[in-house]
Every structure is written in structure tokens, then in C-alpha cells.
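Student: Please take one part of this model and look at it closely. I would like a single helix, then what surrounds it.

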Amino acid sequence: MNKRDRFIKNIINVMLANMISLLGGIAGGFLLPKLFSLEDYGFVKIFSLYLTYTGILHMGFPDGFLLKNSGVSYVNLEKANMRTISHFFIVFQLIVSFIIIVGSFFAEGEYGYIFFSLGLCTFSINIITFFQFVSQASMRFNEFSRVKIATSLMNFGIVVGLCIVQAASGRIVGYRLYLMLYTFANWCILLYYFWNYRECLWGKKSSLASVKGQIWEYFKSGIFLTISYQVLQLVLNLDRQFVVVLFSAPEYAVYSFAYSLISMITTVVSAVSLVLFPTLKRTKREIAITFLPMGIWGVESLVMLCLGSYFPLAGVIETFLPKYMQSLSYLQILFPGLIFSSCITIIIFTYYKILDFNLPFFLMGIGALILSFLLNLLAWKMYGTPEAISFASILTLLVWYIITVSYLKKKLDITYKKNLIFMLCVSICFYIVVFNTKVLVKGFLVYEAAFILITIVFYKEDIKKLFYGSLGKRRG
């Protein structure tokens, strides 16, 4: 099997796993809000929001490991060194989690329980991240897919189980029980990794002194990447951060529900980034660069196609979750932003890592964060509504995309204007259809037809090349 076919196979495997993991996404997206009150669902989403920031607490160690070992076969990893390195990181994360748990006793009200759960999850998630990066670096994508599927099935089982308990007992299930079970599921996955990577944990170890240079190198090379990723997450989450601070838990629940639906699409599409980095890391720089415009086009086209899912989702909300109808007004605004955020997180960020442009990405991220803060603040001061904050986040993503891709154009001599105009045309088309069509089936058909027509207008020749190229290959 050649590299191209292996790359496609790996993407398909991870994407299939991500599609199966939609079970967990569907459970979290539709059953949880049905199960809980608006306030309890708001607390669950507050927990989820702060959970996205716990990655900074590993201080770049897993990222550094991935950068230094990407493409290295698992059998070629020095196991004695890995045992010492793994033990060091486990102890380090135990200390971090202990500090969070102690701090949770000083938090007020429900935030005490939320931060206590965060402390327990910080340890499990950051250690899981480390072992996932070992899998990713050594290109063990089948293993990654199995864990992804198992995690999704466990989360799905937890939510369905709680629904059954509530239906059988007639008692309202509180969010605390869900967080407890969610934490337990994460620790089960952690125990699986401890067993699966037992060669990296148990046995003869190297001395700490002999690997301290390696450990320092992982921190040093990974911290910038981790901070850059956390800045990226802050930019993507800042509108939610504004809503959680400025509005009540029930209002945040409705706003965050829209993002839960958006995350269903990102769950499937994100498979590309997991396979892309270690694959391109092993590829010659010149070849990797030639793939960039096609990669952006592929991701944006896939996401644009998925934007049509707004219409069936709206139908489900109207029928199944009428108390969340307000979230549709947010979803209408936020959905096209998924085009820009997906291209940034899946393709552009991957290339910045491969080409060692971590510092420029970090600086651009800081600039985007400042812009996002100012735009969100202005939107709140002028209009005082979550809808205005949503529009501010879309504008931030557009500017951020233009800046990051412009830098790549300058350094790599690639073109991007055609992609950008294509994105804008489809986004405008989505807004026109969604704001002017009340019949959901009609809206879906009109949008998808318009998307296909715009794609043909912009990429007629590229589609011909792809079609005839694959046809000729099949005949050959």
C-alpha cells in the first residue's frame, strides 16, 4: 500500500470512529438537555467549557513528545526511558490535580462541585492525551479509533442509563450524578491505556537523571504549541465565556446548546487533523506544501455540505426540545463560522506545526484573542444580546482566517483568494436561505442545490481533474 492510500485509509478509519462517536454527541446534544433542567444543563456546559482549558496544565509535555517522536515506530521507542518519562508525567499531573481539588473547597455554590470534578478529570484527561499522542506519533490509528468508539459508547450508555433511571423512578436526575459518571468513564479509559501501554509503565527504568534532558526538551518544544492551541481554544470559546459571565446559567444553557449541535459536525471532520500531522511530518516539505490548497478546499467543502444539517436539526429541536427554540437564532448565526474555524484548526494549524511556525501562530492567536475580546465587548455594550456576541465571533474567525492564511501565502507562495471568495459566497448563501425560508425541507434542498452550483462554478476544472484522474487510474 503506497503512502497516499495508507493516508486515505487512516483518515477513513478515524472518520468512521468519529462518526460512531456521534452516538455520544447525539446523547449529549439531544438527550442531556431533555434530561436536565435548563439550570442543571447550564452547569454541565460550564463544566465542559472549563474542561477545554485543562490542557494548558500539562505544560506542553504531550505536544513536545508528539513533535519529537512523530513518525517513530512504537517498537523503536526506548521502553526503559519511556517508563521513567511516563512516571514523571503521571506524578506531575497528580500534583496539578491535587491543587485544583484543594482549591475547589474554596469555590462558592455549585462551582465547588464543578471544580472538584475538573480536578479529577484533569489528571485522567491529560494522561490520556499523552498516551493518545504516543498512538498518534507512532501512527497506531486503529488503536486510537477503538478508544474513540469505546469512549463514545460509554458516554452514550451513561446518558441513556440516566434517562431510564429517571423514567423508572420518576425522580429528576441532577447534573452532579452525570459529572460523577462522566469522570468514572474517563478513568476507565485511563486504566485501559495503563494496561495497553504497560511496556511504557512497568519494568526496568532509566534513571531520572539520564532522561531529564529529554523531559526538558519535551516541555521546551511543546509549551509554545500548547499555549498556541489554548489561545486558539480561547478565541473559539470567548463568546461562550462572555455569555457564561454576563448571563444566567439557563441562558448560557440555551446558548451553549447551539455549540453542542455544531460539535457534532466537528467530531466527524476532525479526523483529518489527527492523521494529517504525523503523515505530513514524514513527507518532504515540498510535497506537503503542494497539498495545502487542496486540503483547505477539501475541509471547507465537507463542512459546507454539512451546513445543510441545520434544517433537520431545527426540525428536531422544534419537535423534541421546544424549550431550546431560542438556540436556533444562535445556530443560524454561528453555523457558517464552522467553515473558518475548521480550516484554521484542522488544516492551517497543522501546517504551522509542521513548518515550525509556532511563534507566528501564537502571536496571530493573541491578536485574534484581543480582537475577539474587543468585538464581543462592543457587541454586548451596544446590543446586550447573545446574538450580537455571536456575530462578533463570526467576524473574528473571518479576520483570523485571512491573517493566518495570508502568512502562509507569503512564506509558501500559495494562492488563497479563490478559496476565501468561495467560503464567503457559500456563507452568504446560507444566511439568505436560512433567514428567508420557513419550510425546513425546502430550505435544505435550496441550500444544498445552491452549494453544489457554487462549487461547480468555482471548481469546475478541479472537479474534472479529480474525476478523470480517478477514472483513468481505475481503468489502468
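Tutor: Here is a close look at helix H3, followed by the core and the loop after the helix. This is a predicted model, where local features need pLDDT of at least 70, side-chain atom pairs count only at pLDDT 80 or more, and totals for chains, interfaces and linings use all residues. Residues are numbered from 1 along each chain as its sequence is written, and side-chain values use heavy atoms, without hydrogens or water.

H3 covers residues 38-51, 14 in number. Helices here are DSSP runs of H or I, at least four residues, numbered from the N terminus. From first C-alpha to last, H3 reaches 20 Å, close to the 20 Å expected at 1.5 Å a residue; that expectation is 1.5 Å times one less than the number of residues.

H3 is mostly covered, with 10 of its 14 residues buried. Buried means under 20% relative accessible area, exposed over 50%, partly exposed in between (1.4 Å probe, protein chains only). Among the buried residues are Tyr 41, Phe 43, Val 44, Ile 46 and Phe 47.

Val 44 is one of the residues that Tyr 178 touches, as are Leu 32 and Phe 36. Contact means heavy atoms within 4.5 Å; residues up to four places away in sequence are not counted.

The loop between H3 and helix H4 (61-69) holds Met 59. Its phi is near 60°, a positive value in a residue other than glycine. Most residues other than glycine have a negative phi. Met 59 is partly exposed because its relative accessible area is 39%.

Conventions
Helix = DSSP H or I, 4+ residues; strand = E, 2+ residues; numbered from the N terminus.
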